[in-house]
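Trainee: Could we go through this structure together, with the reasoning behind each label spelled out?
Mentor: Gladly; have a look first, and then we start with a definition.

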Amino acid sequence: MNTATVDSPHNEQARAWWFLDTLVVEHRCAPGMQTVVLEMTMPVGSSAPLHVHDSLDDTWYILDGELIVRCGDDTQVVGAGHWVSMPRGVPHTFRVIGDHPARILLVHDNASFRDLIRELGVPAEAHVVPAAPVFPAMGDLARIAASHDLTPIGPPLTTDDLAAILVSRG
């Protein structure tokens with residue numbers, strides 16, 4: 001194939017899932033590419049458990065919103081226009097802060113996280129954040145996530161964590 005694969009911003013035919021409390025849209029790539037591109041919209045307060053990937057460098061570009069990102073011992077506030085790159089094997093988490101949802105574009109070199117979303121997610125009826133998020137039992141989530149190179153090792157960032165982080169930053 002010698003043509004570009006192009007998705008429009010309003011492509012309602014793009015594969016989309018409600019994954020936990022987020023909307024995930026899978027963007028198409030040219031045939032034969034290993035790259036996986038996912039657009040995630042996450043509500044204020046959304047936070048992943050502290051986790052690690054053994055074979056995935058977790059990378060994303062922030063399109064809109066603000067997040068606190070913790071990777072290893074480093075914690076930063078990031079927003080629209082920031083590129084976040086977290087190396088495999090390093091524990092990391094995040095929390096959406098501010099007054100509106102965050103949108104990030106994930107770019108991965110393998111399909112492990114996408115496959116987790118496909119297994120746990122529910123096909124989205126519309127390209128909006130789910131009105132009624134579905135969270136599986138923690139044991140089920142941990143077992144399924146581990147089969148897709150995501151090992152939860154701690155809790156998500158709480159509002160108390162957020163307050164402490166923001167106070168320590170002055």
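Mentor: A residue counts as buried when its relative accessible area is under 20%. Keep in mind that this is a predicted model. By that cut-off, Trp60 is buried, and Phe94 is buried as well.

Trainee: What makes Trp60 and Phe94 an aromatic pair, and why is the pair called edge-to-face?
Mentor: Rings pair if their centres lie within 6.5 Å, and planes over 60 degrees apart count as edge-to-face. For Trp60 and Phe94 the centre-to-centre distance is 5.7 Å and the angle between the planes is 80°. Both values meet the cut-offs, so the pair is edge-to-face.

Trainee: Which parts of the chain does the pair of Trp60 and Phe94 tie together?
Mentor: Trp60 lies in strand S5 and Phe94 in strand S9, so the pair links parts that are 34 residues apart in sequence.

Trainee: How many aromatic pairs does a search of the whole structure find?
Mentor: The search finds 2 aromatic pairs. Besides the one we discussed, there is Phe19 with Phe113: the ring centres are 6.0 Å apart and the planes stand at 90°, so this pair is edge-to-face. Phe19 belongs to strand S1 (residues 16–19) and Phe113 to helix H1, so the pair ties together parts that are 94 residues apart in sequence. Phe19 and Phe113 are both buried.

Trainee: Which other residues of H1 are buried, and what do the buried ones pack against?
Mentor: Along with Phe113, the buried residues of H1 are Ser112, Arg114, Leu116, Ile117 and Leu120. The buried residues of this helix pack against S1, strand S2 (22–27), strand S3 (36–42), S10, S11 and H2.

Trainee: How do you know that S5 and S8 pair?
Mentor: Two strands pair if at least two bridges are found between them. S5 and S8 have 4 bridges, in the antiparallel sense, so the criterion is met. In S8, Val84 is the bridge partner of Trp60, and Met86 is that of Asp58. S5 is also joined to S10 by 4 bridges, again antiparallel, and there the bridge partner of Trp60 is Leu106.

Trainee: What about S1 and S11, with how many bridges do they pair?
Mentor: S1 and S11 pair over 2 bridges in the antiparallel sense, which meets the minimum of two. Trp17 stands opposite Pro123 in S11.

Trainee: Why does one side of S8 and of S11 lack a neighbour in the sheet?
Mentor: The open sheet has 7 strands in the order S8-S5-S10-S3-S2-S1-S11, with antiparallel pairing. S8 and strand S11 (122–123) stand at the edges with a single partner strand each, so one side of each has no neighbour in the sheet.

Trainee: Which residues of S8 are on the covered face, and which on the uncovered one?
Mentor: Val84 and Met86 form the covered face, while Trp83 and Ser85 form the uncovered one. In a regular strand, side chains alternate between the two faces of the sheet.

Trainee: Finally, what is the volume of the largest pocket, and which residues are closest to its centre?
Mentor: The volume is about 460 Å³. Of the 29 lining residues, Phe19, Leu20, Ser47, Ala48 and Pro49 are the closest to the centre. By class, the lining has 20 nonpolar, 7 polar and 2 charged residues.

Notes
Residues are numbered from 1 along each chain as its sequence is written. This is a predicted model: local features need pLDDT of at least 70, side-chain atom pairs count only at pLDDT 80 or more; totals for chains, interfaces and linings use all residues. Side-chain values use heavy atoms; hydrogens and water are left out. On a 1 Å grid over the protein atoms alone, a cavity is a set of points where a 1.4 Å probe fits but cannot get out, and a pocket is an open set with protein on both sides within 12 Å along at least five of seven lines; lining residues have an atom within 4 Å of a point. Grid points are joined across faces, edges and corners, and a volume is the space filled by probe spheres set on the points. Ala, Val, Leu, Ile, Met, Phe, Trp, Tyr, Cys and Pro count as nonpolar, Asp, Glu, Lys and Arg as charged, and the others, Gly among them, as polar. Rings of Phe, Tyr and Trp (its six-membered ring) pair if their centres lie within 6.5 Å; planes under 30 degrees apart count as stacked, over 60 as edge-to-face and the rest as tilted. Buried means under 20% relative accessible area, exposed over 50%, partly exposed in between (1.4 Å probe, protein chains only). Contact means heavy atoms within 4.5 Å.
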